[in-house]
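Here's a quick briefing to read alongside the sequence and the model. Have the structure open and follow along topic by topic.

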Amino acid sequence: MENLTPKEIVSYLDQYVIGQDDAKRTIAVALRNRYRRMQLPPEIQDDVIPKNILMIGSTGVGKTEIARRLANMMSVPFIKIEASKYTEVGFVGRDVESMIRDLAAVSLKLVRESENEKNAEKIEAYIENKIIEKLLPPLPAGASEQKKIDYEASFARMQAKFEKGDLDHLKIKVEMPLPGLDFEGSGLPPQMANVQESISKVLGGLNKKGKEKEVTVKEAKRILAEEASAELLDDEQLKELAIEKVEKGGIIFLDEIDKIAVASNSQSRQDPSKEGVQRDLLPIVEGSTVHTKLGMINTDHILFIAAGAFHLSKPSDLIPELQGRFPLRVELDSLTEEVLYRILTEPKNSLVKQYEALMQVEELKLVFEEESLKEVAHLSSLANEKAEDIGARRLHTVMEKILEEISFSADEHKGESYIITREMVKEKLGKVVEDEDTTRYIL
Ligand SMILES: Nc1ncnc2c1ncn2[C@@H]1O[C@H](COP(=O)(O)OP(=O)(O)OP(=O)(O)O)[C@@H](O)[C@H]1O
Ligand SMILES: [Mg+2]
């Protein structure tokens with residue numbers, strides 16, 4: 001996954017996001033460049049810094065969708081965050097550096113998962129032994145040779161049963177793991193999180209074992225998996241791997257970056273905190289060292305992809321230093337009628353497929369005639385022109401409107417087919433869209 005070619009990345013995204021080829025290509029190249037860099041000799045490697053990307057496009061054209069799909073695809077630490085949720089150090093809220101700590105947490109999870117996979121056999125064996133030991137009466141100390149042989153024989157028999165799942169329903173007692181010591185995501189300022197962590201460490205030290213609880217073997221397998229991985233994997237080594245993964249491959253998707261820009265024409269509501277956030281962002285984007293639970297993390301080679309609609313502000317309303325740190329600009333196109341039609345039908349889980357699946361649950365077969373979808377696209381595009389352009393989100397409102405009645409009464413039509421024709425679409429929506437005011441209110 002880490003060495004997908006730009007073409008492969010684009011074709012993956014193509015399954016979900018229609019059009020926006022420039023944005024897809026730029027991102028694909030940026031991702032490939034990480035891989036290319038890693039193949040270079042160390043002297044050059046350090047100097048090749050990532051080119052951060054700024055995606056600009058009006059609302060509902062697929063910015064967040066691209067990020068969401070990337071996140072699913074990537075096996076590198078990747079987080080998507082909203083720039084608007086950060087506040088400057090000293091203000092109440094999340095400080096900007098916490099994004100690196102979040103990324104580190106994601107990385108640790110990734111590393112742990114891949115190590116768990118590598119050690120799957122060992123972990124299985126650990127769990128199996130642990131559970132069988134609980135089921136068999138223990139071998140007393142100083143048991144005779146014969147007893148030992150018997151014990152091993154019954155152990156082997158239990159193993160065979162265990163592997164077939166025959167023991168799954170039995171009840172055993174296991175120690176529940178202590179509630180997680182993970183405060184990365186708690187939203188506390190770092191100092192507080194540290195304090196809280198030390199406290200729980202002390203408490204954990206006093207009371208190392210969790211409570212015992214009676215569960216079925218099946219559940220015990222799941223509960224013990226965590227214990228097994230903690231027991232078998234070396235924490236320090238995991239942390240090191242996780243740090244390396246973040247520093248070399250980490251990607252942060254900074255969504256809604258326009259929300260921290262201060263529009264130049266709105267002197268009345270200058271927001272000092274927004275500029276503060278931008279200023280706090282500078283060192284992180286530029287490359288600095290952030291203290292995390294895993295250790296110090298250097299942000300030099302983390303790739304930032306920022307996105308924003310920039311309706312009320314412009315990229316030039318960001319402080320100049322920050323603008324300069326996003327050298328690659330891509331604009332996303334607004335969606336035409338043709339593209340809207342393709343968005344309805346082509347993506348893997350397109351809106352049409354979603355509705356069909358939902359109605360299928362009620363055993364109602366929903367059939368969209370092609371012409372009806374053309375009409376939906378046409379009306380959506382018209383509505384976008386007349387009222388605000390909200391991009392593909394308009395399709396959602398339009399479809400809801402069309403399916404309003406049948407959604408409500410679907411359960412009364414079990415086994416039937418419901419065919420949506422162009423006439424139906426026109427009848428339900430033609431009037432609404434014709435009039436600008438009703439469009440504004442209804443769609
Ligand atoms: N080009 C596209 N291809 C497929 N689906 C799209 C496309 N553009 C938008 N959508 C759909 O429209 C909805 C909104 O898109 P998205 O969340 O990406 O908007 P956005 O560009 O991030 O807007 P905003 O600036 O308001 O955050 C999503 O459900 C997404 O699936
Ligand atoms: Mg968005």
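Let's start with a helix: H5, residues 98-118, lies across S2 and S5 and runs at about 145 degrees to S2. Bear in mind that this is a predicted model. From there we can go to the sheet under discussion, the ligand shell, and then some individual residues.

**The five-stranded sheet**

- S2 and S5 belong to an open sheet of five strands, ordered S2-S5-S8-S1-S9 and paired in parallel.
- The edge positions go to S2 (78-82) and S9 (328-331); each has a single partner strand, so one side of each has no neighbour in the sheet.
- From one strand to the next, the twist averages 15 degrees.
- Inside the sheet, S1 (residues 53-56) and S8 (residues 303-308) run parallel and are joined by four bridges.
- If you want a spot to look at on that pair, Met 55 stands opposite Ala 307 in S8.
- As general background, strands of a sheet pair through backbone hydrogen bonds, parallel or antiparallel.
- H4 (residues 63-73) also packs here: this helix lies across S1, S2, S5 (251-255) and S8, and runs at about 150 degrees to S2.

**Ile 56, in S1**

- Ile 56 lies in strand S1.
- Why does Ile 56 count as buried? The cut-off is 20 or more other C-beta atoms within 10 Å, and Ile 56 is buried because it has 20.
- Beyond its neighbours within four places in sequence, Ile 56 is in contact with Gly 308, Phe 310, Pro 315, Arg 329, Glu 331 and Leu 332.
- Ile 56 and Ile 257 are 201 residues apart along the chain, yet their C-alpha atoms are separated by 9.8 Å.

**Around ligand 1**

- There are 18 residues around ligand 1, and those that come nearest are Thr 59, Gly 62, Thr 64, Glu 65 and Ala 392.
- Helix H4 gives the shell its largest share, three residues.
- By character, the shell splits into seven nonpolar, eight polar and three charged residues.
- Domain 1 (6-110 + 241-331) and domain 3 (337-431) each supply at least three residues to this shell.

**Two residues with positive phi**

- Most residues other than glycine have a negative phi, which makes the next two worth a look.
- Phe 310 isn't a glycine, but its phi is positive at about 50 degrees.
- You'll find Phe 310 in the loop between S8 and helix H12 (320-324), and it counts as buried because 21 C-beta neighbours fall inside 10 Å.
- Glu 363 also has a positive phi, near 55 degrees, without being a glycine.
- Glu 363 sits in the loop between H14 and strand S10 (365-368), and with 12 other C-beta atoms within 10 Å it is exposed.

**S10 and S11**

- Side chains alternate along S10: Leu 366 and Phe 368 point to one face and are buried, whereas Lys 365 and Val 367 point to the other and are not.
- That fits the general rule that side chains in a regular strand alternate between the two faces of the sheet.
- S10 is joined by four bridges to S11 (residues 417-420), and the two run parallel.
- One bridge to find is that of Phe 368, whose partner in S11 is Ile 420.

**Helix H13**

- H13 (residues 337-345) buries Val 339, Leu 340, Tyr 341, Ile 343 and Leu 344.
- Among what covers them are helices H14 (351-361), H15 (370-386) and H16 (393-409).
- Thr 345 is in H13 too, but it counts as partly exposed, with 16 C-beta neighbours inside 10 Å.
- Outside its neighbours within four places in sequence, Thr 345 is in contact with Ser 350, Val 352 and Leu 373.
- Thr 345 and Lys 80 are 265 residues apart along the chain, and 27 Å separates their C-alpha atoms.

**Gly 287, in a loop**

- Gly 287 lies in the loop between helix H11 (272-286) and strand S6 (289-291).
- With 14 other C-beta atoms within 10 Å, Gly 287 is partly exposed.
- Neighbours within four places in sequence aside, Gly 287 is in contact with Asn 298, Thr 299 and Asp 300.
- Gly 287 and Ile 297, ten residues apart in sequence, are 9.9 Å apart in space, C-alpha to C-alpha.

How values were computed. Residues numbered from 1 in each chain as written. Chains lettered and ligands numbered in written order. Predicted model: local features only at pLDDT ≥ 70, side-chain atom pairs only at ≥ 80, totals over all residues. Pairing = 2+ DSSP bridges. Axes fitted to C-alpha atoms, helices over the stretch in contact; angles between N-to-C directions. Contact = placed C-beta atoms within 7 Å. Near = placed C-beta within 6 Å. Nonpolar A, V, L, I, M, F, W, Y, C, P; charged D, E, K, R; others polar. Domains from an automatic or database assignment.
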